[in-house]
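Q: I'd like a close look at a single part of this model, taken slowly. Here is what I'm looking at.

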Amino acid sequence: MAPSDPIPIETAHEDMIHDAQLDYYGKRLATCSSDRTVKVFDVVDGEPQRGVGQTLKGHTGPVWQVAWAHPKFGHILASCSYDGKVIIWKEQQPANAGWAKIKEHSLHTASVNSVSWAPHDLGAILACASSDGKISVLTFKDDGQWGADVFEAHAIGCNAVSWAPAARAGSLLAPSTGGRAAPVKRFASAGCDNIVKIWGFSEETQAWVEEDVLEGHTDWVRDVAWAPNIGLPRSYIATASQDKTVLVWTKDTPTAPWVKTALDPSLSVAPGAGATPGKFPDVVWRVSWSLAGNVLAVSCGDGKVTLWKENLKGGWECVSDVSS
């Protein structure tokens with residue numbers, strides 16, 4: 001089988017699958033579904049092993065998203081659901097002993113739509129976005145307890161969260177001051193108020209502070225993805241919206257403003273195909289960056305995934321499209 005051929009995976013879920021995530025090593029696949037379960041499969045040489053995998057039961061509503069923690073914390077998986085709960089699961093040793101809940105977070109009063117682990121340099125920290133308009137940040141403390149910060153973020157609901165890379169923008173080129181600059185705690189959130197907000201943790205007040213507001217969409221922002229960065233000066237954030245657009249926000253230096261550029265799928269279709277400039281054919285649900293942060297994958301409601309790269313002029317070009 002050619003590497004480019006997609007491999008179908010039989011999950012045995014009984015309803016729609018909402019998310020699928022490979023772990024850090026690409027050896028495990030976690031999926032979640034409206035059937036209220038999370039499943040974990042072993043993947044060997046890019047193919048799932050025969051068998052049904054392990055089923056994690058604990059949610060009482062559709063499970064929207066799963067997220068793997070960094071392996072330095074162990075085999076840990078977070079899941080969030082319509083039931084308003086976030087569950088953190090840990091694989092028990094030996095490996096065939098199954099998975100156990102190590103934390104059930106139920107401080108939200110509505111559906112929790114997104115979970116995202118912070119860069120591992122910051123510790124075991126999980127951000128959660130909810131339809132109740134609040135964001136919660138769970139932090140695993142040295143004494144084995146979980147701390148929780150909950151704060152108002154988007155008036156009518158929050159759809160997604162994405163952490164900034166731990167390396168400070170520009171740190172690779174900055175002269176060394178004897179030690180590594182402390183990694184920064186910062187993330188972006190996408191809301192039903194059509195805006196994206198940037199949040200930073202203030203060490204002085206020990207609270208999360210709104211640092212920036214990115215306005216440009218005309219409908220709900222469905223997803224936000226902060227691009228990985230090894231310490232180069234420029235930061236990138238991609239946002240996907242119900243308004244059928246994807247915006248890429250760039251910030252050239254830590255003090256510069258965020259500048260937006262819209263992806264334009266009409267440039268990559270045949271002339272006369274009736275595409276609207278700057279608009280995708282359907283609602284855009286998810287955006288995701290490659291590990292190097294230079295390729296953006298866009299998942300659209302028409303069942304297509306398109307891959308985008310920035311050209312030398314600063315424009316974005318579609319370099320591939322994959323039909324499901």
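Which residue is the bridge partner of Thr139 in strand 13?

A: Thr139 has Gly147 as its bridge partner in strand 13. Before going on, a quick word on the ground rules: this is a predicted model, where local features need pLDDT of at least 70, side-chain atom pairs count only at pLDDT 80 or more, and totals for chains, interfaces and linings use all residues. Residues are numbered from 1 along each chain as its sequence is written, and side-chain values use heavy atoms, with hydrogens and water left out.

Now the pair of strands around that bridge. Strand 12 covers residues 134-140 and runs antiparallel to strand 13, with seven bridges joining the two. Strands here are DSSP runs (E, at least two residues), just as helices are runs of H or I with at least four residues, and both are numbered from the N terminus. Two strands pair if DSSP finds at least two bridges between them.

Zooming out a little, strands 12 and 13 belong to an open sheet of four strands, ordered 10-11-12-13, with antiparallel pairing. Strand 10 (112-117) and strand 13 (146-152) sit at the edges; each has a single partner strand, so one side of each lacks a neighbour in the sheet. On average, neighbouring strands of this sheet are turned by 20 degrees against each other, direction ignored. For that angle, axes are lines fitted to C-alpha atoms (for helices, over the stretch in contact), and angles run from 0 to 180 degrees between N-to-C directions. So back at the Thr139 bridge, Gly147 is the partner, and its strand 13 is an edge strand.
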